[in-house]
Amino acid sequence: MRILFIACIALVALVCGSCFEKGDCIINNTNLVKFKFINTLDKTVHPVKFASIEVVGSSIVLYNNNVEVSLIALPVDPYKTEASFILKYADTRNDTINVTYRNQTTIPSSDCGAFVYQDQVTLVENPMDTSLIQGSTLTKVITTQLLGNAEANFEVYF
Amino acid sequence: MRSTFSLLFLVLCFLAHAQEVPVDTLEVRNKYLPTGLRIGTDVITIVKSNLSKQFTGWEVNADMDINRYYLAMDYGQWAVVKPISNGQYDNTGKYFRFGVDVNFLKRDPDRNMFFLGFRIGRASFSDSVGYTYTIEDPATSPVTNYGVINKSLVNTNLVGHWAELTTGLRIKIYKFFWMGYTARMKFTPSVSGEKELVSYDIPGYGLSSRKLYWGFNYQLFFKIPFTSKLAPVENAKK
């Protein structure tokens, strides 16, 4: 009799436990890969003035007003797995940044729906440049997943 | 001479008596030999399949006793058509589970069961999703995004694995007919073979994002007996 009572309690616990099935709906993805420019000596931000940044294979042109920025956020195409950006500095020099990434579609819950995020973001060395970005000495990987709340994916030290 | 004849007669009587098997001896078979194979189905899955537009499936269950231990196996099919807020997810596949149950009702002459058990589950399936999506990021101005994303993705030849702890009852209701329930605590799901789509639902398991998941079966069984001889229960020794 005692065993049957325990069995009934176990059943009720399992049925009640199965009610808590609402999924978390925290979507924090972005399609922007972020580069932060840092001064090697004092670790402060290092502003860089761009004439423009072009996204290769699209008509997107960014940072084309000659303003100094210490953080650039460059969009990747969710239909592709690689992206190239042409950085045109205010002093007429150019750089090219190439990145590869993986698209992953996930469904947190039926209420949240499906969304795509990018991870495994990798910088591809440009054989034409001795460093990834002219004048920089080091590029540090912060996170390889594109997240809205991530301050940067890469830190570029000057 | 008379005493020799008497002695021979006594020996013959004894031998003749020894030839007869006592009729009141109960023949008890080896307690580790299976008494039968119990085959059944999950009623909840059948009802759910008929009532829900999002789920079709069935499941058969079988177990076989080895004393108080039961080898258990389940096989089923599972297909889900799940509307999501920005599209639709589908999957279809087969699954099986196998494992052992331990009966804790040792002295029940009918071998009714209250059991605890363990299962290993494996599913082979495919899934797909079609959805539209707009990246909503404060930092994304209209000039930097790629507009509305329309994606249609398919995974084929997926394999899912998980483990389960089970508990439940098996009650003999009439001759060869049994009923019972099995409650399952499923855990450690994994899927291999995924491409761009991360699988949402694993046949036989449920939502793959849940590292701990619950399942429940209400089952009806038919027992195919292997013998009419009695197998001993614990109190038969007493």
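How many bridges pair β2(B) with strand β3 of chain B, and in which sense? The count is 12 bridges, and the sense is antiparallel, with β3 covering residues 69-84 of chain B. The structure described here is a predicted model.

## Model confidence

The model scores ipTM 0.75 and pTM 0.78. For chain B the mean pLDDT is 84, and 79% of the residues in this chain reach 70 or more. Residues 10-23 of chain B have pLDDT below 50, and this stretch makes 0 contacts in the model beyond near neighbours in sequence.

## Composition of the two chains

Chain A contains 1 helix and 10 strands. Along the sequence, the elements of chain A follow the pattern α-β-β-β-β-β-β-β-β-β-β. Chain A has 158 residues, of which 27% are buried. Of the contacts in chain A between residues at least 6 apart in sequence, 53% join residues at least 24 apart.

Chain B contains 2 helices and 10 strands. The pattern along the sequence of chain B is α-β-α-β-β-β-β-β-β-β-β-β. Chain B has 238 residues, and 30% of them count as buried. Among contacts in chain B with a separation of 6 or more, 65% are between residues 24 or more positions apart.

## The barrel of chain B

In chain B, 8 strands close into a barrel with antiparallel pairing, in the order β1-β2-β3-β4-β5-β6-β7-β10. From one strand to the next, the twist averages 25°.

Several pairs in this barrel can be followed by their bridges. Strand β1 (residues 36-42) of chain B pairs with strand β10 (residues 212-225) of chain B over 7 bridges in the antiparallel sense. Within this pair, B:P225 in β10(B) is the residue opposite B:G36. β1(B) is also joined by 5 bridges to strand β2 (residues 55-66) of chain B, again running antiparallel. Here B:R38 has B:D63 in β2(B) as its bridge partner. In the pairing of β2(B) with β3(B), B:D65 stands opposite B:Y70.

## Helix α2 and B:W58

Helix α2 of chain B spans residues 43-51 and lies across β1, β2, β3 and β10 of chain B. The helix runs at about 170° to β2(B).

B:W58 is a residue of strand β2 of chain B. There are 13 other C-beta atoms within 10 Å of B:W58, so this residue counts as partly exposed. Apart from neighbours within four places in sequence, the contacts of B:W58 are B:T41, B:T45, B:I46, B:S49, B:G76 and B:Q77. The C-alpha atoms of B:W58 and B:I44 are 9.1 Å apart, with their positions 14 residues apart in sequence.

## The loop position B:K175

Where does B:K175 lie? B:K175 is in the loop between β6 (149-174) and β7 (177-192) of chain B. B:K175 counts as exposed because there are 9 C-beta neighbours inside 10 Å. B:D110 is 65 residues from B:K175 in sequence, and the C-alpha to C-alpha distance is 9.9 Å.

## The open sheet of chain A

Chain A has an open sheet of 4 strands in the order β5-β1-β10-β9, and the pairing is mixed. The edges of the sheet are β5 (71-75) and β9 (138-141) of chain A; each has a single partner strand, so one side of each is left without a neighbour in the sheet. The twist from one strand to the next averages 25°.

Strand β1 (residues 32-38) of chain A runs antiparallel to β5(A), and 5 bridges join the two. One of the paired positions is A:L32, whose bridge partner in β5(A) is A:P75.

## Nonpolar cores

Which residues have the most contacts inside the largest nonpolar core? They are A:I53, A:L74, A:F85 and B:V129, in a core of 36 residues. Leaving aside neighbours within four places in sequence, A:I53 is in contact with A:L62, A:Y63, A:I72, A:L74, A:F85, A:I86 and A:L87. A second, separate core has 11 residues, among them B:V80, B:F125, B:L158 and B:V191.

Conventions
Residues numbered from 1 in each chain as written. Chains lettered and ligands numbered in written order. Predicted model: local features only at pLDDT ≥ 70, side-chain atom pairs only at ≥ 80, totals over all residues. Pairing = 2+ DSSP bridges. Axes fitted to C-alpha atoms, helices over the stretch in contact; angles between N-to-C directions. Buried ≥ 20, exposed ≤ 12 C-beta atoms within 10 Å, placed from the backbone. Contact = placed C-beta atoms within 7 Å. Core = buried A, V, L, I, M, F, W, Y, C linked by C-beta atoms within 7 Å. pLDDT = per-residue confidence, 0-100.
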